[in-house]
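Visitor: Hi! Could you walk me through this structure? I'm new to this, so plain words please.

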Amino acid sequence: MQRFRRLRSSENIRRLVRETRVDRSNLIYPIFIVEGENIKNPVDSMPGVFQYSIDRADEILKEISESKISGLMIFGIPSHKDELATGAYDDNGITQRAVRYIKNNYHDILVVADVCLCEYTSHGHCGVVHGDKILNDETLPLLSKMAVSLAKAGADIIAPSDMMDGRVAAIRQALDENGFIDTPIMAYSAKFASGYYSPFRDAAESAPCFGDRKTYQMDCANGREAVREIIDDINEGADIVMVKPALAYLDVIKEASRYDYPLAAYNVSGEYSMVKAAAQNGWIDEKRIVLENLTAIKRAGADIIITYHALDAAKWLEENV
Ligand code: PBG
Ligand code: ZN
């Protein structure tokens with residue numbers, strides 16, 4: 001008989017043989033910045049998450065800076081939206097101003113800028129719309145302009161989340177031509193058309209006003225196609241690849257970890273809200289569940305976890321060391 005229980009007999013010995021550890025440096029916290037003044041709006045479907053105006057953002061930025069996590073992912077919410085998402089690549093747009101503010105005042109926070117048009121388009125799609133079609137090639141120059149504009153504002157990492165084909169190559173070329181050869185691209189490579197994004201669309205005010213995102217985001221049944229997307233993004237010049245969502249796609253994370261590139265997983269809004277709702281009802285122990293979920297994502301092979309739990313997890317991880 002194998003006595004497996006020998007190595008489980010005390011916390012000290014369990015700690016000694018533990019295979020996976022989540023570290024604060026693995027974590028990135030998403031924030032939502034809105035146009036306007038003196039705003040701190042709760043997002044109803046995401047308890048504990050708020051939209052901030054730049055003048056109120058210190059509250060959350062200080063917390064991020066003190067938490068010792070690696071950085072933040074920024075989502076700007078413009079007050080003006082139009083067909084061509086002009087606010088996305090305006091050097092004085094809400095996201096650009098927010099990035100400049102953060103980089104000027106918080107040198108230790110790594111700023112990852114999500115690059116996508118859906119928060120800035122009047123129709124809420126991630127690309128240029130013609131009739132009922134979302135155009136691929138016509139969207140690439142707009143994404144490239146957005147990426148350059150955010151790099152100019154000071155973004156440390158550019159993270160395209162639109163799922164247009166060829167966008168990593170287009171953005172890499174645009175960054176290079178504008179002197180940003182050292183700005184890495186974190187590509188949302190295997191991004192699935194998921195029901196788990198709906199709380200985010202409240203937070204970012206980016207729900208599509210017709211149709212859905214299934215013609216550009218991946219079908220949730222497709223693991224092998226995810227590998228093709230990942231390989232293609234690496235070939236186009238991605239420095240970091242991503243799988244999104246995380247918990248329902250641990251098999252994809254595991255598969256993606258074989259490509260030996262830094263791998264991020266996005267523990268998305270719906271995954272967060274389900275945990276929060278159950279915890280608020282007293283049905284689960286939030287701390288235990290969050291740390292178990294993050295450990296599972298790491299165990300599957302992710303190096304970087306983008307999560308709305310990051311600040312809570314940072315406190316809990318500190319207590320545990
Ligand atoms: C923008 C974007 C989305 C998310 C990240 N970037 C929404 C979407 O694709 O609809 C989702 C994040 C989350 O649910 O937490 N394209
Ligand atoms: Zn989008």
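Guide: Happy to! In this predicted model, let's begin at ligand 1, where an oxygen atom is 2.7 Å from an N or O atom in the side chain of Lys-191.

Visitor: Okay, and how much of ligand 1 does the protein bury?

Guide: The protein buries 100% of the 400 Å² that ligand 1 exposes when taken alone.

Visitor: What kind of space does ligand 1 take up?

Guide: The space taken by ligand 1 is the largest cavity.

Visitor: How many residues surround ligand 1, and which are the closest?

Guide: There are 19 residues around ligand 1, and the closest are Lys-191, Arg-201, Lys-244, Ser-269 and Tyr-308.

Visitor: Let me pick Arg-201. How far is its polar side-chain atom from an oxygen atom of ligand 1?

Guide: That distance is 2.7 Å for Arg-201. Ser-269 also has a polar side-chain atom lying 2.7 Å from an oxygen atom of ligand 1.

Visitor: New topic: the zinc ion. Which protein donors does it have?

Guide: Cys-116, Cys-118 and Cys-126 each serve as a donor through SG, 2.2 to 2.3 Å from the zinc ion (ligand 2).

Visitor: How are those donor residues spaced in sequence?

Guide: They follow the pattern C-x1-C-x7-C.

Visitor: And what is the geometry of the zinc site?

Guide: The site is tetrahedral, with angles of 97 to 121° among its four donor atoms. For comparison, the ideal angle for four tetrahedral donors is 109.5 degrees.

Visitor: Last one: are Cys-118 and Cys-126 buried or exposed?

Guide: Both Cys-118 and Cys-126 are buried.

Note on methods
Residues are numbered from 1 along each chain as its sequence is written. Chains are lettered from A and ligands numbered from 1 in the order in which they are written. This is a predicted model: local features need pLDDT of at least 70, side-chain atom pairs count only at pLDDT 80 or more; totals for chains, interfaces and linings use all residues. Side-chain values use heavy atoms; hydrogens and water are left out. Donors are N, O and S atoms within 2.8 Å of the metal (3.2 Å for Na, K and Ca); water is not among the atoms, so sites may look incomplete. Four donors count as tetrahedral if all angles lie between 85 and 135 degrees; four count as square planar and six as octahedral if opposite donors are over 155 degrees apart and all others between 65 and 115; anything else is irregular. Buried means under 20% relative accessible area, exposed over 50%, partly exposed in between (1.4 Å probe, protein chains only). A residue is near a molecule or strand if one of its heavy atoms lies within 4 Å of it. A polar contact is a pair of N or O atoms within 3.5 Å; within protein, one must be able to donate a hydrogen and the other to accept it, and residues adjacent in sequence count only if both atoms are side-chain atoms. Accessible areas come from the Shrake-Rupley method with a 1.4 Å probe; for residues, only the protein chains shown count as cover. On a 1 Å grid over the protein atoms alone, a cavity is a set of points where a 1.4 Å probe fits but cannot get out, and a pocket is an open set with protein on both sides within 12 Å along at least five of seven lines; lining residues have an atom within 4 Å of a point. A molecule sits in a cavity or pocket if more than half of its atoms lie within 2 Å of its grid points.
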